[in-house]
Amino acid sequence: MQHEQYMRRCLELSRHGSGYVSPNPLVGAVLVWENRIIGEGWHQQWGKAHAEVNCLNNVLAAYRSRISEATLYCNLEPCTHQGKTPPCADLIIRSGIPRVVIANTDPNPLVAGKGVQRMKAAGIDVITGVLEEEGGWLNRSFFTWMKEKRPYIILKWAQSSDGFIGKPLQRLAISGSLTQRLVHKWRTASDAIMVGTTTALVDNPRLDNRFYPGKSPARIVLDAQSRLPDHFHLLDDSHETWIIGRTKPFNGRQTRCIPGKTPMSITWLLEELRLHNKAILLVEGGANLLNQFLQLHFWDEIRVIENQQKLQDGIPAPTLPDKAFLKESYFLDKDEVRIFASKQSFV
């Protein structure tokens, strides 16, 4: 039970890295001496110091002599390879830490149990599998990125209580302001956000995160017939944007027009995202695009926002797949938020 308490703190800390570390995992670390936390940290930015390094650096001078008597908790196996930062397993060994408790082994082939083996060979007592499922759910996008070599795909839509996502050719807000802020939080945690042509034309969306602090993801929109007017938000060149299928010239530093991809191949798109190091794709609509992903079984997670209002008729919401496992459910004012996964475990 004590191990779980400190591991939950690791998971809590790791979430501070959301939106800043992808395609790296979310990792938190806690150093405990005599039931007292004497150091903690998390992976704060891709390419920068890992959680274990930040944790040890944050130990106050008065407790530094206790590092060699403490237990290190970390939700992901410490790395053993030289990447943008040195191996964390070696740092732990040099620090003389006698015990390490881990939630998940790292699926990265460069690690994959080697961190545990190296620490055990150095005489460290290593415990694995503490809150393993919770850790796998937290880092589900990283596990997918490593194991399946493609981005983690999230489908999201808002629907009325009678099952409609909107009216044809009419801009209509279904969810409330609190949920809108939540969606913008989801965007900051994503590497790319995507909509279809009709949604772009009807809603003229910004696809940014103006209601929540953090980075805005790359914007992706289908525009096979070059129908998007140049004055629309998606062509404001404010941040990275991909216009797929557009043949009409557009002069912008951050906007990339990709002609010749009609109809778009999802397989091609996922490979293109992988090549550009974008590990999390959030697909926000419309119905045709969402159904295309669903029909081809290209999804890992579905986020459904259901408002109490009734529309009576309109555009039907996509049908949830039979094998959609409910992972989370909660209310924000009059909106119910349900999160489904394509499988029960990501470990």
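1. A disulfide is a pair of cysteine sulfur atoms within 2.5 Å. By that rule this structure, which is a predicted model, holds zero disulfides.

2. Cysteine 74 shows how a cysteine ends up outside any disulfide. The nearest cysteine sulfur to that of cysteine 74 belongs to cysteine 10 and lies 6.3 Å away. Since the cut-off is 2.5 Å, the pair does not count. Cysteine 74 is also buried, with a relative accessible area of 0%.

3. Cysteine 79 can be read in the same manner. Why is the sulfur of cysteine 79 not bonded to the closest cysteine sulfur? That closest sulfur is in cysteine 88, and the two are 3.8 Å apart, which is too far for a bond. Cysteine 79 counts as buried, at 6% relative accessibility.

4. Turning to the domains, the domain assignment of the chain gives two stretches: domain 1 covers 1–139 and domain 2 covers 150–341. Their C-alpha centres are 34 Å apart. In the contact between them, domain 1 takes part with seven residues and domain 2 with 14 residues.

5. The size of an interface is often given as the accessible area lost when the parts come together. For domain 1 and domain 2 the buried area is about 710 Å², and 58% of it falls on carbon and sulfur atoms. Which three residues supply the most of the area that domain 1 buries against domain 2? They are Gly19, Ser22 and Trp137, with 67% of that area, more than any other three residues.

6. The next point is polar pairing across the interface. Between domain 1 and domain 2 there are zero salt bridges under the rule used. The polar contacts between domain 1 and domain 2 come to two residue pairs, with both residues at pLDDT 80 or more. On the side of domain 1 that touches domain 2, the classes are four nonpolar residues, three polar residues and no charged residues. A salt bridge needs a side-chain nitrogen of Lys or Arg and a carboxyl oxygen of Asp or Glu, and these four residue types are the ones that count as charged. The zero for salt bridges can be read beside the absence of charged residues on the domain 1 side.

How values were computed:
Residues are numbered from 1 along each chain as its sequence is written. This is a predicted model: local features need pLDDT of at least 70, side-chain atom pairs count only at pLDDT 80 or more; totals for chains, interfaces and linings use all residues. Side-chain values use heavy atoms; hydrogens and water are left out. Domain bounds come from an automatic or database domain assignment. Contact means heavy atoms within 4.5 Å. Buried area is the accessible area (1.4 Å probe) that two parts lose on being put together, summed over both. A salt bridge is a side-chain nitrogen of Lys or Arg within 4 Å of a carboxyl oxygen of Asp or Glu. A polar contact is a pair of N or O atoms within 3.5 Å; within protein, one must be able to donate a hydrogen and the other to accept it, and residues adjacent in sequence count only if both atoms are side-chain atoms. Buried means under 20% relative accessible area, exposed over 50%, partly exposed in between (1.4 Å probe, protein chains only).
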